[in-house]
Amino acid sequence: MTPLTFTLRNEPEERLDLSGLTPDRLAGMTPAEIAKLRVGTSRRPVAAGDIFKITGTDASNIVFSGGSGRFDRVGTEMTAGRIRVAGDVGARAGRRMAGGLLKIEGKAGVQAGSSMKNGRIEIDGDAGEGVGGPMAGEIHGMSGGLVIVRGKAGDRAGERMRRGIIALLKGCGDHAGLGMIAGTIVATGRVGRYPGHLMKRGSLLFDLKPAELSPTFVDCGRVEIAFPALFDRYLMEEGILDRPLLGPRPFRFGGDNAVLGKGEIMFARG
Amino acid sequence: MQELTRNGITIDDTFAEAFGMRATAIIITAPTLKWARQAAITMTGFATSVIGCGCEAAIDIDIPASKTPDGRPGCRVMIFAMGTDELQKQLKTRLGQCVLTSPGSACFAGLQGSASLDLGSSLRYFGDGWQVSKKFGGKHYWRVPVMDGEFLCEAKTGLTKEAVGGGNFLLLAADAGKALAAAERAVAAIEKVPGAIMPFPGGIVRSGSKVGGKYKGMMASTNDAYAPTLRGVVKSALGPDINAVLEVVIDGETNDAVAAAMRAGLKAVIDLGPRRGALRISAGNYGGKLGKFHYHLKDLLP
C-alpha cells in the first residue's frame, strides 16, 4: 500500500487545524470522505480536499508533501502509525501524542509535543517555545516519549515535564526545564539563561556548562558514576547523537534548591 | 549393564535426573572485571543447594566491556530456586547485601523471561529519598547515591520457568588427584557454556548424597555406594580400581543448556583420558521417577 499523501496545493490562506488527519482518525475512511473533512479555522468552510491533493491509501503511514507554518496541531493525540511532514509545521505539533512517529522535516512552531505521553517526535529544523510543555492551565507537561529537535529550540523547553526525554541538538532558549517535575532534557550547543529554574527532580544533560546558572543550584563536583556511559550509549543507539554527551566524569549541579532540590544539571565540560 | 567406552574410559549406561526450576539472571558490572567478579562471587556464596541455602547460584560467563549495558567489564550471574517467591527473596537479599555494597558495582537485567522480578525496585529505598528513577530505551533504572558515587540498577529482571536444576555426572578415578584433575577439566569446559552454572565449590561436589538415611529427619545422607572407604562393607558401586569419586552438578537456563554443558564436560573428561583422569563416568538419578528431565550419558558423548 502506498502512504496516504496530502500534497499541498498552495500556501494556505488561513491557519489550518490538521488534528483530524492522523492515522487513528483516518483509519477506514475513503479518499472522498477524507477530502470533505474540515481543516479550516475561519468562517469559510475549508476542507482537506481544498488544500491538498490526496493520494495513496495507507492511513497508518501519512505523508504531508509540502508544509507550512500554518499547519497547526499536526499529529495531535495520535497513538500509532507515522506521519511525515516534508516541510514546516505550525503550533502544537504532536500535542498529547500517545504513540507512533511524527517526523517533521522542517521547522516546528510553538508547543511541539505539548503534554505528549508516548511516541516519538523528530523535528529536523528549529522548534518554537514550549517544546513538550503544558498548555495554560495544565498541571504538567510531557509525561513520556521522546522529542528530538535537530535545530534550536525556543524558551521553556520541557516546562513542567514529568517523564520522557527531550533532546535539543543546537541549543535552546531560556529556562529549559522550567518547573520540571522529572524526566530528562538533553541539549548540545548554547543553552539560554537559568536552565532548570524551579525544577523539582529530573536531569538536564548538556555538553557545556550553561552560561547563566541559577544561584539556587549547588556544585556537587565531578562525579564518577555509571549512569553517563549507559545514557550516552542510549543516545547513540537511538541515533540522537553520534558521540558521547557526558563522558566518564561529568560535572554535576544539584537543584533547584528554591524548591525540592532533587534535580540535577550535568555537563561534560566546565 | 552394557559396556561403553570412549578413549579408554568406561561410560555407564545410565542417566542424570534433573528437575524443573525457576531461574533468573543479572549482569553485574564494575570498573574492573576483578570487582565485577568479586561482587558476583560474594553474591553467589553459600548458594550451592536449594536444600540448605534457599537457592543455587554462580557466575555464568564473563562479559567484555563492549557487550555490557554501561560499557564496563561485567559478568552474568544466574540464580535458581524452586519457587518464584523464594527466588525473589534470595535475589533481593543477596543483591542488597553483596552487590550494592561492592565498590563501583552496577546491576542490570540478565534475562528476558515470562515474568519479572524486582531488582532495583526493591533496593531503591536505600536512597532515602535521593534515589533517582530513569526510564529510557524501554527500560527502567534506579540510581541510588552511595559513598563511592552511585549504585546504578535496573528496576526489574526476568524470570524463566523453563530452567532445569540437577544435571550431573560422576567421575570415578584411581585416586583423589586424578578425580580432581578430571573434574577441573570438566568445570573449565562447562564454564564456557552460556546459560549453565555449577553452583558447588569450584563446580565440584565430593559429598554426593542418596535420598533419606537411617536417622529420623535426614532428607539426604552420604552416597555410601560411591564411598571408596566403604567398598566391601556396603553394596558398593565401585570396582577395585576406583578410589575417589567426584560429581559435577549443573543447573541450566533451559534443558538444552544443561545438555550442552554435560556434553562439553564429558568431552573434556574423555579427552583427558583414563591415565591422568577418570577411569569411569557415571551419573546420579533416583530411578527416573522424581525428575522430569533425564540426560542419558550415551546420548551426550563426543
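Glu253(B) and Arg76(B) are joined by a salt bridge in this predicted model, with their closest N and O atoms 2.9 Å apart; the term stands for a side-chain nitrogen of Lys or Arg within 4 Å of a carboxyl oxygen of Asp or Glu. This is the one salt bridge that the rule finds across the interface of domain 1 of chain B and domain 2 of chain B. The model is a prediction in which local features need pLDDT of at least 70 and side-chain atom pairs count only at pLDDT 80 or more, while totals for chains, interfaces and linings use all residues. Side-chain values use heavy atoms, without hydrogens and water, residues are numbered from 1 along each chain as its sequence is written, and chains are lettered from A and ligands numbered from 1 in the order in which they are written.

The domain assignment divides chain B into domain 1 (4–18 + 162–299) and domain 2 (22–160), with bounds that come from an automatic or database domain assignment. Between the C-alpha centres of the two domains of chain B lie 30 Å. Each domain brings 17 residues to the contact, where contact means heavy atoms within 4.5 Å. Together the two domains of chain B bury about 1200 Å², 63% of it on carbon and sulfur atoms; buried area is the accessible area (1.4 Å probe) that two parts lose on being put together, summed over both. Glu253(B) appears here again: with Ile197(B) and Pro199(B), Glu253(B) supplies 41% of the area that domain 1 of chain B buries against domain 2, more than any other three residues.

Polar contacts between these domains of chain B come to three residue pairs, both residues at pLDDT 80 or more. Such a contact is a pair of N or O atoms within 3.5 Å; within protein, one must be able to donate a hydrogen and the other to accept it, and residues adjacent in sequence count only if both atoms are side-chain atoms. On the domain 1 side, strand 11 (156–173), strand 12 (196–197) and strand 16 (244–252) of chain B are the elements that give two or more residues. Strands here are DSSP runs (E, at least two residues), numbered from the N terminus. Strand 11 of chain B provides the largest share of that side, three residues.

Attention now turns to the two chains. The contact between them involves 21 residues of chain B and 19 residues of chain A. Chain B and chain A bury about 1500 Å² between them, with 62% of it on carbon and sulfur atoms. Within chain B, the residues that lose the most area to chain A are Lys134(B), Phe136(B) and Arg143(B), together 36% of what that side buries. Arg143(B) also forms a salt bridge with Glu264(A), the closest N and O atoms being 2.7 Å apart, and one salt bridge is what the rule finds across this interface. Six residue pairs are in polar contact between the chains.

Two backbone features of chain A complete the picture. A cis peptide bond, with omega of about -5°, joins Gly255(A) and Asp256(A); Asp256(A) sits in the loop between strand 14 (251–255) and strand 15 (263–269) of chain A. Arg96(A), although not a glycine, has a positive phi of about 55°. The model scores ipTM 0.94 and pTM 0.93.

How values were computed
Helices (H or I, at least four residues) and strands (E, at least two) are DSSP runs, numbered from the N terminus.
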